[in-house]
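Me: Please show me the structure, and then I will ask about it piece by piece.

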Amino acid sequence: MHNSDSERKVEIKCENVSKVYKLGSNIVKALDNVNLTIMRGDYISIMGPSGSGKTTLLNIIGALDHPTSGRVFLDGYDITDLPERKLTFFRRNKIGFVFQAFYLIPTLTALDNVLTPIMPRGVKPEDRTRALMLLEMLGLKNRVNHKPGELSGGERQRVAIARALISDPPIILGDELTGELDSKTGQEIMDIIDRLNSEFGKTIVIVTHDTKVAERAKIKLKMRDGRINKGDVFLKEG
Amino acid sequence: MLRYAFKNAFRRKNIAALSIIGIAIGVSLMTAMASLSATITDQTNKFAQQNLDSITVQQKGQLIFTSQINLTQLYNITVLEHIEAYSAQVVAVVQLGIGFVNPQLVGLNVNNDTSIGGPTSNIIEGRVFQYENECIISRMGAEFLNLKIGDNLSLYTPDSKLVNLTITGLYETSSIITQMNIYTTLTTARLFKLGFANDTYSVLLIKADDPANVNQIRSEIENISEEEGLNIEVILFEDQIQTITQYTGTINILVISISLIAGVAGGMSIVVAMLMSVIERLKEYATLKATGWQNTDVIKDILYESLIVTAVGGAVGFGIGLLYLGAVSAFFNIILNPLQPIVITQIILFVIGMGLAGGIYPAYKASKVSPVEILRGA
């Protein structure tokens with residue numbers, strides 16, 4: 001489904017990105033001069049031990065956090081120093097997040113949960129139709145009016161995926177998205193992620209500890225001490 | 001978004017219920033006080049409208065029931081231009097029953113009183129008195145004292161003579177001051193005023209042909225008084241209304257003070273409820289922000305939730321206020337209408353104010369949630 005590499009557009013680009021945290025009197029370098037180019041339609045997994053900087057990198061390319069130094073480009077726009085209000089625009093329109101713990105609203109039905117990202121701007125009938133279509137596509141046609149408490153873990157994660165897709169963002173970011181699921185359900189969720197990449201051309205970046213999950217990706221990166229290991233496929237330095 | 005706020009406003013039912021109770025207490029107090037205040041102001045205004053053409057002439061430096069004036073000496077006043085009608089009255093303070101009620105017994109000429117629009121022109125049940133052993137009282141007075149037409153009032157004169165007066169009719173007046181008066185003939189009233197001759201009265205009530213002329217009339221009366229050496233003073237209704245306005249102003253300050261206290265108490269309950277709700281749902285707000293909600297969206301959502309809870313509390317409080325006012329109206333036989341536009345407006349503004357004030361800090365706190373904390377698994 002992908003275009004050839006020469007026609008593909010750069011989706012995310014990190015140039016010499018570093019992130020430093022201050023934890024009491026200690027300074028922690030979560031990201032250390034990371035350079036990374038992700039093309040539209042890429043399917044990337046990032047593995048690494050705890051504290052290696054995976055989630056920090058995901059936050060920065062997901063417009064949730066600012067780097068301490070370096071520059072970040074999203075769909076060609078430099079988002080490095082954008083204020084929170086403008087970053088929200090990118091999160092709403094360019095990125096769909098899927099979290100390990102789902103983070104669904106317990107009082108809302110599956111359908112309403114899918115619609116939450118667009119609620120502030122008013123839910124139109126076509127949004128509702130799209131939400132229903134997404135839930136149906138993810139095998140939840142008969143669960144649209146169920147609340148999260150009435151759904152299994154796998155169903156909840158599928159609702160979370162539908163929520164991430166409601167604004168039709170080109171990029172899907174997943175942080176340990178199978179972390180709270182058994183291995184069979186985890187594989188089912190990853191089948192969906194595979195489809196999002198292969199059938200719908202979504203750019204996928206997932207952070208995981210699970211080798212089986214990481215193996216699904218076409219590009220497998222490893223991180224250690226805030227750096228991406230050299231030699232990984234499709235990693236573009238500088 | 002409102003739908004979202006509705007679904008979440010009552011998520012923790014016990015906390016929501018407690019804050020609703022807090023707000024309801026505040027609003028019920030507000031309803032009762034605002035209604036009382038509005039009723040008094042309304043009655044004062046109505047009374048003022050009806051009496052702006054009224055002028056009272058009485059003995060200088062005396063109260064209405066200690067004043068003595070000689071009508072013959074005031075003849076030149078009664079024929080002044082712009083005076084439409086006048087009624088001279090004899091006013092005495094009497095004792096009813098075992099002495100806990102001391103109304104004024106007012107003697108008057110029915111024709112003269114009717115011409116100035118006095119109580120005899122507002123008989124709503126029965127008839128006006130015709131004989132010396134008859135009287136009329138107000139409907140409110142009759143309900144308060146549990147009296148009806150045909151009942152007798154037993155009154156003792158200052159020289160200990162028993163006078164029985166039969167109630168022949170009930171009048172209605174918008175004035176709280178005249179609600180407790182007993183009206184009878186001049187002859188009967190003079191029995192209670194030792195030393196009052198046939199041309200001696202307590203007050204002379206004058207009705208001007210136009211409210212615009214009352215100051216001119218006062219000026220002319222004062223000139224006559226000076227020329228003829230009369231020991232009288234002229235009181236315009238607008239002078240009296242100033243005193244009444246001062247009283248109603250004091251009541252309004254009391255209402256505002258109690259409302260403020262109630263508002264702070266209700267506001268605190270909603271702050272606590274919303275704060276607990278927000279702290280419990282910080283991860284949700286972080287997720288919503290990660291999925292595209294702006295800070296202003298989070299603030300709006302919490303303010304909506306706060307307003308929804310306060311609106312419910314306000315409605316419950318208004319209901320309690322209505323019940324309370326109904327009980328007060330029934331017990332004291334007074335009309336208290338809480339559905340006046342001013343009362344409704346005050347309560348709506350009060351509830352909106354409380355909802356916004358109570359929600360603003362929790363909203364601010366939630367809007368500052370960092371979505372990064374969620375992805376870190378915090």
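Me: How many residues does helix α6 of chain A have, and what does it reach from its first C-alpha to its last?

Reply: This is a predicted model, where local features need pLDDT of at least 70, side-chain atom pairs count only at pLDDT 80 or more, and totals for chains, interfaces and linings use all residues. Residues are numbered from 1 along each chain as its sequence is written, and chains are lettered from A and ligands numbered from 1 in the order in which they are written. Helices (H or I, at least four residues) and strands (E, at least two) are DSSP runs, numbered from the N terminus. Helix α6 of chain A, residues 183–198, is close to the 22 Å expected at 1.5 Å a residue (1.5 Å times one less than the number of residues); it has 16 residues and reaches 22 Å.

Me: Which residues of α6(A) are buried, and what arc do they cover around the axis?

Reply: A residue is buried if 20 or more other C-beta atoms lie within 10 Å of its own, exposed if 12 or fewer, and partly exposed in between, with C-beta atoms placed from the backbone. The buried ones in α6(A) are Gly186(A), Ile189(A), Met190(A), Ile193(A), Leu196(A) and Asn197(A). They lie on the same side of α6(A) because the arc they cover, taken from the directions from the helix axis to the C-beta atoms, is only 105°.

Me: Which exposed residues does the face of α6(A) turned away from its buried side carry?

Reply: The buried residues of α6(A) pack against β3 (43–47), α5 (153–165), β7 (171–175), β8 (203–208) and α7 (211–216) of chain A. The face turned away from that buried side carries the exposed residues Lys184(A) and Asp191(A).

Me: Which residues have the most contacts inside the largest nonpolar core?

Reply: A nonpolar core is a set of buried Ala, Val, Leu, Ile, Met, Phe, Trp, Tyr and Cys residues joined through C-beta atoms within 7 Å. The largest has 107 residues, and its largest share, eleven residues, comes from helix α2 (residues 13–51) of chain B. Those with the most contacts inside the core are Val114(A), Ala162(A) and Val205(A).

Me: What is Ala162(A) in contact with, leaving aside its neighbours within four places in sequence?

Reply: Two residues are in contact if their C-beta atoms, placed from the backbone, lie within 7 Å. With those neighbours left aside, the partners of Ala162(A) are Val114(A), Ala131(A), Leu134(A), Leu135(A) and Leu138(A).

Me: What percentage of the residues in chain B is buried?

Reply: Chain B holds twelve helices and twelve strands. Of its 378 residues, the buried ones make up 40%.
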